[in-house]
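Reader: I am new to this one and would like to learn how to read it. Could you walk me through it?

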Amino acid sequence: MLRFRDFTLDPGTGELQRDGVAIRLEPQPARVLTTLAGRAGTLVTREDLRAAVWPDGTHVEFDQSLNYCVRQVRAALNDDARRPEFIETVSRRGYRFIAPVAEVRAPGRARLALKLAAAAAGLVAAVWVAERLEGPGPHRSHHETAVGVLKAVHDFLF
């Protein structure tokens, strides 16, 4: 997930939200926004955008289509081309996303991470109880297994 000001963009789906409220954006404008925000601070040439949004073999009136997409993105972001806060036009070359962008963890992945951490904690607790009831000895491998699972969950999360 990419975050800029009050907006969140899911690069995988092109879904744009402002303060948690979905903003409708057609697929091509969403790809333009994803490409620009994903390369924030750098010039993205018109040719880079052509390659990202319209794969080889796609026949469109490129200049007209790209201009339409940029207008749609600016409208979704409430951005003004004359005083841009998000998308700066670099005349005859391309565009630059000028707002700071941060990567944030997707809520779905955070929930999954919490579930995995809870499962790992449950496993560790179960192994601990089993060792206390059965005493030390051959059950040591259960402990090592639990530690391995916990380490894997830790590595996944961090």
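Reader: Which side chain does the side chain of Arg46 make a polar contact with?

Author: Happy to help, and please keep in mind that this is a predicted model. The partner is Tyr95: the two side chains make a polar contact at 3.5 Å. Arg46 is found in helix H2, residues 46-53.

Reader: Is Arg46 buried or exposed?

Author: Buried means under 20% relative accessible area. Arg46 has 19% relative accessibility, so it counts as buried. Beyond its neighbours within four places in sequence, Arg46 is in contact with several residues, including Phe62, Leu66, Arg92 and Tyr95.

Reader: Now the sheet. In what order do the strands lie?

Author: In general, strands of a sheet pair through backbone hydrogen bonds, either parallel or antiparallel. Here five strands form an open sheet with antiparallel pairing, in the order S4-S3-S2-S1-S8. Strands S4 (21-23) and S8 (102-103) stand at the edges with a single partner strand each, so one side of each has no neighbour in the sheet. Strand S3 (residues 15-18) is joined to S4 by three bridges, and Arg18 stands opposite Val21 in S4.

Reader: Which strands does helix H1 touch?

Author: Helix H1 (residues 27-38) packs on the sheet and touches strands S1 (2-4), S2 (7-10) and S3. The direction of H1 makes about 80° with that of S1.

Reader: How do I read the residues along a helix like that?

Author: An α-helix has 3.6 residues a turn, so residues three or four places apart point the same way. In H1, the buried residues include Pro29, Val32, Leu33 and Leu36. You can also check the length of H1: at 1.5 Å a residue, its 12 residues should span 16 Å, and the end C-alpha atoms are 16 Å apart, which agrees.

Reader: How many aromatic pairs are there in the whole structure?

Author: A search finds six. For one of them, look at the rings of Trp54 and Phe62: the centres are 5.7 Å apart and the planes are at 85°, so the pair is edge-to-face. Trp54 is buried at 8% relative accessibility, and Phe62 is buried at 7%.

Author: Phe86 and Phe97 form a tilted pair, with 6.1 Å centre to centre and 45° between the planes. Phe86 lies in the loop between helix H3 (62-77) and strand S6 (87-90), and Phe97 in strand S7 (residues 94-97), so the pair ties together parts 11 residues apart in sequence. Both Phe86 and Phe97 are buried.

Reader: Which residues form one aromatic cluster?

Author: Phe86 and Phe97 do, together with Phe4 and Phe7.

Notes. Residues are numbered from 1 along each chain as its sequence is written. This is a predicted model: local features need pLDDT of at least 70, side-chain atom pairs count only at pLDDT 80 or more; totals for chains, interfaces and linings use all residues. Side-chain values use heavy atoms; hydrogens and water are left out. Two strands pair if DSSP finds at least two bridges between them. Helices (H or I, at least four residues) and strands (E, at least two) are DSSP runs, numbered from the N terminus. Contact means heavy atoms within 4.5 Å. Axes are lines fitted to C-alpha atoms, for helices over the stretch in contact, and angles run from 0 to 180 degrees between N-to-C directions. Buried means under 20% relative accessible area, exposed over 50%, partly exposed in between (1.4 Å probe, protein chains only). A polar contact is a pair of N or O atoms within 3.5 Å; within protein, one must be able to donate a hydrogen and the other to accept it, and residues adjacent in sequence count only if both atoms are side-chain atoms. The expected span of a helix is 1.5 Å times one less than its number of residues. Rings of Phe, Tyr and Trp (its six-membered ring) pair if their centres lie within 6.5 Å; planes under 30 degrees apart count as stacked, over 60 as edge-to-face and the rest as tilted.
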